[in-house]
Amino acid sequence: MRGAMELEPELLLQEARESVEAAQSYRRELGQRLQGLREARRQIKESASQTRDVLKQHFNDLKGTLGKLLDERLVTLLQEVDTIEQETIKPLDDCQKLIEHGVNTAEDLVQEGEIAILGGIGEQNEKLWNFTKKASHIQLDSLPEVPLLVDVPCLSAQLDDSILNIVKDHIFKHGTVASRPPVQIEELIEKPGGIIVRWCKVDDDFTAQDYRLQFRKCTSNHFEDVYVGSETEFIVLHIDPNVDYQFRVCARGDGRQEWSPWSVPQMGHSTLVPHEWTAGFEGYSLSSRRNIALRNDSESSGVLYSSAPTYFCGQTLTFRVETVGQPDRRDSIGVCAEKQNGYDSLQRDQAVCISTNGAVFVNGKEMTNQLPAVTSGSTVTFDIEAVTLGSTNNNEGGNFKLRVTISSNNREVVFDWLLEQSCCSLYFGCSFFYPGWKVLVF
């Protein structure tokens with residue numbers, strides 16, 4: 001009984017400690033949920049504020065544009081009125097001048113004739129004779145033709161009031177406010193020198209025709225377009241290691257021209273060192289980031305290796321063939337345990353590769369299984385995992401076994417690769433005997 005009494009305080013103390021730990025854990029969980037609520041509240045508030053600013057700016061711009069268009073149309077119509085007025089008034093002005101000249105001539109003739117008549121016959125016979133001679137040379141029966149009112153323009157403005165109803169209908173339907181975008185980013189996967197971005201629809205009623213992906217460094221104020229198309233996955237290259245980037249995506253509905261609202265921006269970065277080809281190797285020209293190699297016209301041959309063993313087991317190494325040249329059975333794209341100069345191809349010991357004709361080589365031996373021939377746009381991937389460490393059966397040779405999967409054009413081959421010694425990192429390389437081959441590695 002006494003032993004139980006002595007044990008009970010220890011049990012109570014233990015139970016009390018467990019209760020304190022549970023309460024602390026509960027408090028932490030509640031604190032995380034409060035933080036999540038604060039972030040959700042901030043997102044609603046900030047997005048609402050941004051949406052108000054966007055709406056105000058858009059409609060202010062729209063009013064300014066509509067006012068400018070209406071002013072331009074008014075100026076055009078007024079110019080048409082001026083042109084018609086000027087062109088149709090000119091003939092009337094010419095006719096008026098002709099009539100006024102006839103009126104002046106007739107008035108002068110009347111005055112001269114009245115003076116000659118008042119002189120009577122006799123001494124004034126010469127004046128009468130001169131007057132009648134002058135009058136006979138003037139065509140007093142020739143009158144200019146004046147157009148009738150029905151034959152001259154009567155300008156008016158033809159204005160269709162129905163445009164107000166049409167504009168009103170369009171304005172009332174213009175713009176929408178969405179509580180959430182129809183598409184969101186679901187995954188960011190780091191790659192050497194790049195990030196794979198995957199997105200998905202979150203609105204089942206929305207039928208997407210195209211997607212638009214943008215990214216920016218977190219230190220930048222402007223997003224850049226990096227992809228527009230129908231795929232739901234894209235690898236963004238030229239990513240600097242250990243630098244934070246933001247990604248966002250939107251969609252365009254089937255048969256629509258406008259884009260949907262942007263997804264919630266997601267932040268990601270890559271800690272993996274970018275893959276680079278070795279610079280200065282005669283026979284190949286490299287891009288500025290050294291991730292693209294082009295076989296040039298140089299007659300020299302050999303294997304172009306990576307600048308360092310940057311491929312690690314468990315990762316996916318991807319080669320994308322941008323352009324092709326004339327194929328040769330000795331061509332190779334693959335990985336190796338170490339650089340070995342003096343070889344024209346990776347079809348050698350301590351290397352695995354695929355030739356441009358689709359043949360697969362392991363430690364210099366061609367496999368029975370083959371892949372499709374490499375063409376422009378082909379993507380070749382290597383996935384390698386460590387299977388065993390240490391010694392293996394002496395009959396198999398080697399003491400380090402790797403499981404290799406090579407995929408190309410929707411087909412793959414899987415095999416074991418035996419190395420003479422363990423390798424935690426591998427080199428990659430390529431060799432082409434004819435110019436024109438361009439390969440991107442990531």
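**Exercise 1. A salt bridge across two strands**

Task: work out how the side chains of Arg403 and Asp416 meet, and how far apart their N and O atoms are.

Solution. Start with the contact itself: Arg403 and Asp416 meet through their side chains in a salt bridge, with 2.3 Å from N to O. Keep in mind that we're working on a predicted model here. Next, place the two partners. Arg403 sits in strand E18 (residues 400–408) and Asp416 in strand E19 (residues 411–419), so this pair ties together parts that are 13 residues apart in sequence. Last, check the surroundings: Arg403 is partly exposed at 34% relative accessible area, and Asp416 is partly exposed too, at 33%.

**Exercise 2. From a pair to a network**

Task: find which residue forms a salt bridge with Glu233, then say which residues are linked with it in a network.

Solution. Step one is the partner: Arg198, whose closest N and O atoms with Glu233 are 2.8 Å apart. Step two is the location. Glu233 belongs to strand E5 (residues 233–237) and Arg198 to strand E2 (residues 194–201), so the bridge ties together parts that are 35 residues apart in sequence. Step three is exposure: Glu233 is partly exposed with a relative accessible area of 39%, and Arg198 is partly exposed at 27%. Finally, widen the view, and Glu187 joins in: Glu187, Arg198 and Glu233 are linked in a network of salt bridges.

**Exercise 3. A bridge inside one helix**

Task: determine where Glu29 and Arg33 lie and how many residues apart they are.

Solution. Look up the helix first. Both residues lie in H1 (residues 2–118), and they're 4 residues apart, about one turn of the helix. Now look at the side chains: Glu29 and Arg33 meet in a salt bridge, 2.8 Å from N to O. For exposure, Glu29 comes out partly exposed at 35% relative accessible area, while Arg33 is exposed at 53%. To close the tally, the count for the model comes to 13 salt bridges.

**Exercise 4. Cysteines without partners**

Task: explain why Cys218 is too far from the closest cysteine sulfur for a bond.

Solution. Recall what we're looking for: a disulfide is a covalent bond between the sulfur atoms of two cysteines. The cut-off for counting one is a sulfur pair within 2.5 Å. Now take the distance: the closest cysteine sulfur to that of Cys218 is in Cys250, 19 Å away, so it's too far for a bond. The count for the model comes to 0 disulfides. On the exposure side, Cys218 is partly exposed at 35% relative accessibility, and Cys313 is partly exposed with 26% relative accessible area.

**Exercise 5. Finding the cores**

Task: say how many residues the largest nonpolar core has, and which have the most contacts inside it.

Solution. The largest nonpolar core has 37 residues, and the ones with the most contacts inside it are Trp277, Phe319, Val335, Phe382, Ile406, Phe415 and Trp417. Pick one and follow its neighbours. Leaving out residues up to four places away in sequence, Val335 touches residues including Leu317, Leu346, Phe382, Ile384, Trp417 and Phe428. Apart from this core lies another one, of 16 residues, with Ile185, Ile195, Tyr227 and Tyr245 among them.

**Exercise 6. Reading an annotated stretch**

Task: state which residues UniProt lists for "domain: Fibronectin type-III", and how much of that stretch is helix and strand.

Solution. The unreviewed UniProt entry gives residues 181–274. Over residues 181–274 the chain is 0% helix and 53% strand, with the end C-alpha atoms 33 Å apart. For a closer look at some strands, take E3 (residues 208–217) and E4 (residues 224–229): they run antiparallel and are joined by 5 bridges. Tyr211 stands opposite Gly229 in E4, and E3 and E4 form a hairpin with 6 residues between them.

**Exercise 7. A strand with two neighbours**

Task: in strand E9 (residues 292–295), sort out which side chains are buried.

Solution. Ala293 and Arg295 point to one face and are buried, whereas Ile292 and Leu294 point to the other and are not. Now add the pairings. Strand E8 (residues 284–286) pairs with E9 in the antiparallel sense over 3 bridges, and Ser285 has Leu294 as its bridge partner. E8 and E9 form a hairpin with 5 residues between them, and Arg290 in the turn has a positive phi of about 60 degrees. E9 also runs antiparallel to strand E21 (residues 438–441), joined by 3 bridges; there, Leu294 stands opposite Lys438.

Key:
Residues are numbered from 1 along each chain as its sequence is written. This is a predicted model: local features need pLDDT of at least 70, side-chain atom pairs count only at pLDDT 80 or more; totals for chains, interfaces and linings use all residues. Side-chain values use heavy atoms; hydrogens and water are left out. A nonpolar core is a set of buried Ala, Val, Leu, Ile, Met, Phe, Trp, Tyr and Cys residues joined through side-chain atoms within 4.5 Å. Buried means under 20% relative accessible area, exposed over 50%, partly exposed in between (1.4 Å probe, protein chains only). Contact means heavy atoms within 4.5 Å. UniProt positions are given in the numbering used here, feature names are shortened, and annotations may be inferred rather than shown by experiment. Helices (H or I, at least four residues) and strands (E, at least two) are DSSP runs, numbered from the N terminus. A salt bridge is a side-chain nitrogen of Lys or Arg within 4 Å of a carboxyl oxygen of Asp or Glu. Two strands pair if DSSP finds at least two bridges between them.
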